[in-house]
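Colleague: Before I plan anything around a model like this, I would like to learn how to read its features one by one. Could you take me through them, giving the general idea before the particular case?

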Amino acid sequence: MNDFMSYYREAKTHFIASHQHPINQKLHHLTNALAISAVIFLFIDWRWTLVCLVLTQVFALGGHAVFEKNHPAFVKYPGITILASLSWSFEHWFGFREIFQRFNAHS
């Protein structure tokens, strides 16, 4: 478990470092919302799932090509990047980042 957590922290650090431009950050938050929507749409209409998945790639890859001028984090950390990306968005959307910072300060 320690190896997984170390790998996850390393991947998340890389993810954050490769998403510094504010517009790209917003695009990636939108991408994560679309990814969650895609899962929900699986139970409603699979065609909307496909639309959501295509848009996630357009926004994510476009953000890197246009604003960051770098490679997406999944190039270096395939697989685990989705977890790092979703946790990053949840921290921003729900204020979890501040909670985690306070918790880690006391550790």
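Modeller: What follows is a walk through a predicted model, from the whole chain to helix pairs and then to single residues.

Colleague: Let me start with the outline, then: how many helices and strands are there in the chain, and in what order do the elements run from the N terminus on?

Modeller: A count of elements is a sensible place to begin, and here the chain has five helices and zero strands, so that what one reads from the N terminus on is α-α-α-α-α. Of the 107 residues in the chain, 31% are buried. If one takes the contacts between residues at least 6 apart in sequence, 72% of them join residues at least 24 apart.

Colleague: How should I check the length of a helix, and what should the 20 residues of helix 2 span?

Modeller: The general idea is to compare an expected span, at 1.5 Å a residue, with the distance between the end C-alpha atoms. For helix 2, residues 22–41, the expected span is 28 Å and the end C-alpha atoms are 28 Å apart, which agrees. The 23 residues of helix 3 should span 33 Å, and because the end C-alpha atoms of that helix are 32 Å apart, the two values agree as well.

Colleague: And how do I read the way in which two helices pack, taking helix 2 and helix 3 as the case: at what angle do they pack, and how far apart are their axes?

Modeller: One reads the angle together with the distance between the axes, and for helix 2 and helix 3 the angle is about 165 degrees with the axes 8 Å apart. Angles over 145 degrees count as roughly antiparallel, and helix 2 and helix 3 are therefore roughly antiparallel to each other. The crossing in which helix 2 passes helix 3 is left-handed, and the residues in their contact, sorted by class, are 15 nonpolar, eight polar and one charged.

Colleague: Which residues make the contact between helix 1 and helix 4, and are those helices roughly parallel or roughly perpendicular?

Modeller: Helix 1, residues 2–17, packs against helix 4, residues 81–94, at an angle of about 65 degrees, with 9 Å between their axes. That angle makes helix 1 roughly perpendicular to helix 4, and their crossing is right-handed. Helix 1 brings Phe4, Tyr8, Lys12, Phe15 and Ile16 to the contact, while helix 4 brings Thr81, Leu83, Ala84, Ser85, Ser87, Trp88 and Glu91. By class, this contact of helix 1 with helix 4 holds seven nonpolar, three polar and two charged residues.

Colleague: How do I read a list of buried residues along a helix, and which are the buried residues of helix 3?

Modeller: An α-helix has 3.6 residues a turn, so residues three or four places apart point the same way. In helix 3 the buried residues are Thr49, Cys52, Thr56, Ala60, Gly63, His64 and Glu68, and helix 2 is included in what covers them. In helix 2 the buried residues are Asn24, Leu27, His28, His29, Thr31, Asn32, Leu34 and Ala38, with helix 1, helix 3 and helix 4 included in their cover.

Colleague: Turning to single residues, are Ser89 and Ser85 of helix 4 buried or exposed, and which residues does each touch?

Modeller: Accessibility is read against a cut-off, with under 20% counting as buried. Ser89, in helix 4, has 0% relative accessibility and therefore counts as buried; leaving aside residues up to four places away in sequence, Ser89 touches His28, His29 and Asn32. Ser85, also placed in helix 4, counts as buried because its relative accessibility is 7%, and with that exclusion of sequence neighbours Ser85 touches Phe15 and Asn32.

Colleague: What, by contrast, should I make of Val58 and Lys69?

Modeller: Val58 belongs to helix 3 and, at 49% relative accessibility, counts as partly exposed; the C-alpha atom of Val58 is separated by 8.9 Å from that of Thr31, 27 residues apart along the chain. Lys69 follows helix 3 and lies in the loop between helix 3 and helix 4, where its relative accessibility of 64% makes it count as exposed. The backbone deserves a look here too, since phi of Lys69 is near 60 degrees, a positive value in a residue other than glycine.

Key. Residues numbered from 1 in each chain as written. Predicted model: local features only at pLDDT ≥ 70, side-chain atom pairs only at ≥ 80, totals over all residues. Heavy atoms only, no water. Axes fitted to C-alpha atoms, helices over the stretch in contact; angles between N-to-C directions. Helix = DSSP H or I, 4+ residues; strand = E, 2+ residues; numbered from the N terminus. Parallel < 35°, antiparallel > 145°, perpendicular 65-115°, else oblique. Left-handed = near helix turned anticlockwise from the far one by under 90°. Contact = heavy atoms within 4.5 Å. Nonpolar A, V, L, I, M, F, W, Y, C, P; charged D, E, K, R; others polar. Expected span 1.5 Å × (residues − 1). Buried < 20%, exposed > 50% of the residue type's maximum accessible area, 1.4 Å probe, protein only.
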